Amino acid sequence: MATQEGSSLADKPKDICLEDMIIDIEFHPQKDVIASGSIEGDIFLHSYNIGKENSELMKLSHHKKSCRVVRFSPSGEDLHAGSKDKSFSTVDLNTGTLKRRVKNAHEAAIYSMLVTGDNFLVTGDDDGYVKLWDLRQQKAVMEERQSEEYISDIAVDDQKKTLLVASGEGTLTAFNLRRKKMETQSELFDSEFLSLAIVKRGQKVVCGCGNGELNMFTWGDWGNISDRFPGHPMSIDCMVPLTDDIVCTGSMDGLIRAVHILPNRFIGIVGEHPGDFPVENLSLSRDKHLLASCSHDQKIKFWNVDSVSSETVDVRTRALKGDKSKFLKSSDKGDFFADLAADEASGNAGGDKKDGDGDDDDGDDSVDDDSDSDEND
């Protein structure tokens, strides 16, 4: 049974602490429930409450190796999970029973998963294979291998027409879901693509990279990036879009950052997992008030991101380097460190040396002139 650890802020749930490291998390689409998968293969469901104790609702142990990904069905009645044991499973949450388990769904360990409808989901494995599953037939209706490395993240547009797949070899591949075939693939980049977010009303796709850069593609133009934004000191392992203009990134250094896209600016630090533990995954609640994160500290932490969502960027002013290290109100350190960062920024036009990137401009590193026009679309 999990225990809870308190927070200094009353506007978010308490931390959920477990005995094993949590690999992935996802909020329920209809209820105040969060699912998590552990390195030991267990799946947990917890209810969360602001100002009250969280409680464990369910523990499932049908996977024998680490549960790398958990995803709810659109209705929230089913929970899908992908495992290092090469299988994926579906649990009926109304009964708590195992609805299906597809053993040897891949020849390599499953690394990523995306639910694209009540009857369809996509899985990606360590060897670069992508499969589209028709759950009614319990078989793959598309199987492609366009990458030599693991499939790190998967995204789809609102129309469920174009599937985007990021790989550890440093490519972004677009598939036509209706025709069930590849459309095009980007050029090969020097660094791994680790995370994806669709922003700017579907006009831009942001890829988090192993070298700490955010690479941006214009929708439909998948051959090469349109913009690049460096500045994260370590790899960007996970990412969720908070608004059409703001993404929250989880990095190897344990920090969760808010980043404005086009114009590209660091807004500040949303929260952190102390002890230099990497942020494994992020999830945004259905009402977009709460962000959850998990790490090697065996905790699921919650962050109230209401104030972050309302942040705006004045394109007429230069970005301050202190913003990168500024703790926002959402973090436990927000009030004190925000004032401290503001004082340092006003007294030191050269910025904060802790950034260590040697960059004294506003952080934008555009490789295409379209960034100015896109930011006001």
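What follows is a chat between a biologist and a modeller about this predicted model.

Biologist: Let's start broad: how many helices and strands are there in the protein chain?
Modeller: Keep in mind that this is a predicted model. Of the 377 residues in the chain, 56% are buried. As for secondary structure, the protein chain has three helices and 30 strands.

Biologist: Why is strand β7 described as largely enclosed by the rest of the structure?
Modeller: Strand β7 covers residues 67-72. A residue counts as buried when its relative accessible area is under 20%. β7 is largely enclosed because the number of its residues that are buried is six of six.

Biologist: Which residue of β8 stands opposite R71?
Modeller: β7 and β8 (residues 78-83) run antiparallel and are joined by five bridges. The two strands make a hairpin with five residues between them, and G76 in that turn has a positive phi of about 85°. Across from R71, in β8, you'll find H80.

Biologist: Over to the aromatics: is the pair F27 and Y48 stacked or edge-to-face?
Modeller: The whole structure has 10 aromatic pairs. In this one, the ring centres are 5.4 Å apart and the planes sit at 75°. Planes over 60 degrees apart fall in one class, so F27 and Y48 are edge-to-face.

Biologist: And how many residues apart in sequence are the parts which that pair ties together?
Modeller: F27 is buried at 4% relative accessible area, and Y48 is buried too, at 6%. F27 belongs to strand β3 (residues 22-27), while Y48 is in the loop between β5 and β6, so the pair links parts whose separation in sequence is 21 residues.

Biologist: Which residue joins F27 and Y48 in one aromatic cluster?
Modeller: Rings pair if their centres lie within 6.5 Å. The cluster holds F27, Y48 and one further residue, F302.

Biologist: Now the open sheet of four strands: which are its edge strands?
Modeller: The order is β23-β24-β25-β26, with antiparallel pairing. Neighbouring strands are turned by 25° against each other on average, direction ignored. An edge strand pairs on one side only, and that picks out β23 (236-241) and β26 (265-272).

Biologist: What is the bridge partner of V259 in β26?
Modeller: Six bridges join β25 (residues 255-260) to β26, and the two run antiparallel. In β26, V259 is partnered by F266.

Biologist: How is the ring pair of F229 and F266 classed?
Modeller: F229 is buried at 1% relative accessible area, and F266 is buried at 11%. Their ring centres are 5.1 Å apart with planes at 40°, so the pair is tilted.

Notes: Residues numbered from 1 in each chain as written. Predicted model: local features only at pLDDT ≥ 70, side-chain atom pairs only at ≥ 80, totals over all residues. Heavy atoms only, no water. Pairing = 2+ DSSP bridges. Axes fitted to C-alpha atoms, helices over the stretch in contact; angles between N-to-C directions. Buried < 20%, exposed > 50% of the residue type's maximum accessible area, 1.4 Å probe, protein only. Phe/Tyr/Trp six-rings, centres within 6.5 Å; stacked < 30°, edge-to-face > 60°.
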